[in-house]
Amino acid sequence: MTRLIFLGPPGSGKGTQAQTLAKNLHIPHISTGEILRQAMKEQTPLGIKAQSYVDSGELVPDQLVQDLVQERLNQSDAQSGWILDGFPRKVTQAVFLEELLAKNHQSGEKVVNLDAPDKVVVARLLARGRKDDSEEVIRRRLEVYRTETAPLIDYYRDRQRLLTVNGDQSQEEVTTELQKVLTA
Ligand code: B4P
């Protein structure tokens, strides 16, 4: 059963690769960013609470994302595998996930760390031009990545769960390297 977590700075290609892989494996692609954006579009209570954080490049409070991940992982289509994209983004969220999976008698998840230099990810995000892709907000997202998310690399390496893929290649090349790493 495939349970995969995609880790990496904004613009490293997490969403892009997770979506392709999930489609090929016929398992759900669970992107906390996408779920939050949909909730903001629909102005649900979650969306209203998340808006100011997402717009300024800050992380949404743990409780909000943890609740949505717990609910999503309990749905029937997630019982035969999943790809988590954008969660966990902090050690506290990783601890929460570990406890949740243990409670559900699920384990063996692997973590793909996709990396690319700041210059490359900033150029990609500016070209995409989403609402939270302005230069100032991208800089803040990168800072938050470095302080909050990057420590997860050691966290998962210590647990022998980490796989590393070079995100500074074309989308097709990243997909090929990812396939290789997953089947090694
Ligand atoms: P996300 O939606 O996760 O945003 P992201 O980090 O920018 O990644 P994304 O997946 O969209 O981009 P990708 O690299 O694939 O989060 C948005 C916000 O939601 C966060 O800032 C935060 O506020 C909130 N949030 C989400 N999860 C949270 C959590 N767990 N806790 C708290 N808050 C949370 O792609 C970027 C661009 O690069 C695309 O245009 C793509 O086409 C292009 N690209 C990808 N691969 C490429 C390649 N190899 N070559 C060239 N271009 C490529």
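These legends go with four close-up views of a predicted model.

**View 1. The annotated binding-site positions.** UniProt, in an unreviewed entry, puts the feature "binding site" at Thr32, Arg37, Glu58, Leu59, Val60, Gly86, Phe87, Pro88, Arg89, Gln93, Arg130 and Arg141. Don't expect a single cluster here: these positions cover 110 residues of sequence and are spread in space too, with C-alpha atoms up to 25.2 Å apart.

**View 2. Arg37, one of the annotated positions.** Look for Arg37 in helix α2, which runs over residues 32-41. Its surroundings hold 17 other C-beta atoms within 10 Å, so Arg37 is partly exposed; a buried residue would need 20 or more.

**View 3. Glu58, another position from the UniProt record.** Glu58 sits in the loop that links α3 (45-56) to α4 (62-73). With 14 other C-beta atoms within 10 Å, Glu58 counts as partly exposed, because the exposed class stops at 12 or fewer. If you skip the neighbours within four places in sequence, Glu58 is in contact with Tyr53 and Val144.

**View 4. The shell around the ligand.** Here 31 residues surround the ligand, and the closest are Pro10, Gly13, Gly15, Gly33 and Gly86. Of these, Gly86 also turns up in the UniProt "binding site" list. Several helices chip in: α1 (14-25), α2, α3, α6 (118-128) and α9 (171-183) each give at least two residues to the shell. As for chemistry, the shell splits into 10 nonpolar, 14 polar and seven charged residues.

Technical notes. Residues are numbered from 1 along each chain as its sequence is written. This is a predicted model: local features need pLDDT of at least 70, side-chain atom pairs count only at pLDDT 80 or more; totals for chains, interfaces and linings use all residues. UniProt positions are given in the numbering used here, feature names are shortened, and annotations may be inferred rather than shown by experiment. Helices (H or I, at least four residues) and strands (E, at least two) are DSSP runs, numbered from the N terminus. Two residues are in contact if their C-beta atoms, placed from the backbone, lie within 7 Å. A residue is near a molecule or strand if its C-beta atom, placed from the backbone, lies within 6 Å of it. Ala, Val, Leu, Ile, Met, Phe, Trp, Tyr, Cys and Pro count as nonpolar, Asp, Glu, Lys and Arg as charged, and the others, Gly among them, as polar.
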